[in-house]
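Me: I would like to learn how to read charge pairs and helix faces in a model. Please take it one feature at a time.

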Amino acid sequence: MAPQRDFRRQLEDQRPYLLRYALLQLRDAEAAEDAVQETLLAALAGDAAYAGRSSLRTWLTGILKHKIVDALRRARREQPLGADDAGAELAELDALFVADGHWRDPPAGWDDPDRALEQKQFFAALELCLERLPARTARAFLMREHLGLETDEICKELAISATNCWVMLYRARVTLRQCLEATWFGEQRASR
Amino acid sequence: MKMLPCREVSRLVSQGLDRELGLGERLALRLHFALCEGCRNFDRQMRFLRRAMRALPERGERESG
């Protein structure tokens, strides 16, 4: 098979993965399709830039991240996000603590969590937890932890204050922690 | 130094992943962790969550072929 054609097929093989990745962040099938299409085209055009230093998937994901950021910017221009709901978010966090600020349910330890990073099912559980987050919260969190943006960039993109940005990230982390406790680490503890 | 409530500690732990904490904040956290297992666990789990998110692009469901 000609190398160029082979490369094209290898790119195609990554499409389902890239699509899931884009969908997780954009939550819009059409926008996700577009971002992936642009990524694959850019990859084809820049064939020489892939030197095999990293896996093909890592390289493509790097390109896709930029396309996702572009798509988020476009979406913001076309349809600014609604008013801040930081107040509601704080009320939700209230439920986790008693009046004097102590945990209602102190977090129990997770047994050797890094072992979970070797398990495919763990990442499936993590993705499910991410999908359950409210859209705006998920977006802020994924921009921070998945795309690796700094907080001030996220504030700018979402048009919110730094304080609200921290609250959203805080809420996302606390919610994900609870979700992983319920769906993964709690189960593990119980099955020992 | 007055002990921070767990709620405030959890907020600072999260912010510590987004901005550099001040010396006073870091000391207050360390003091609290020394006495509170729940918050120690929370802190570890927050740092684990970051590692998991970093690993997600590579480790997320691979096709079997």
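Me: How many salt bridges are there over all chains?

Reply: Side chains of opposite charge can pair when their charged atoms come close. A salt bridge here is a side-chain nitrogen of Lys or Arg within 4 Å of a carboxyl oxygen of Asp or Glu. By this rule the count is 14 over all chains. The model is predicted, so local features need pLDDT of at least 70 and side-chain atom pairs 80 or more, while totals for chains, interfaces and linings use all residues; pLDDT is the predictor's confidence in each residue, from 0 to 100. Residues are numbered from 1 along each chain as its sequence is written, chains are lettered from A in the order written, and side-chain values use heavy atoms, without hydrogens and water.

Me: Which residue forms a salt bridge with A:Asp114?

Reply: B:Arg51 does, with the closest N and O atoms 2.9 Å apart. B:Arg51 sits in helix H3 (residues 37–59) of chain B and A:Asp114 in helix H5 of chain A, so the pair joins two chains. Helices are DSSP runs (H or I, at least four residues), numbered from the N terminus.

Me: Is B:Asp43 buried or exposed?

Reply: Buried means under 20% relative accessible area, exposed over 50%, and partly exposed in between (1.4 Å probe, protein chains only). B:Asp43 is buried at 15%, whereas its salt-bridge partner B:Arg47 is partly exposed at 42%. Both lie in helix H3 of chain B, four residues apart, about one turn of the helix.
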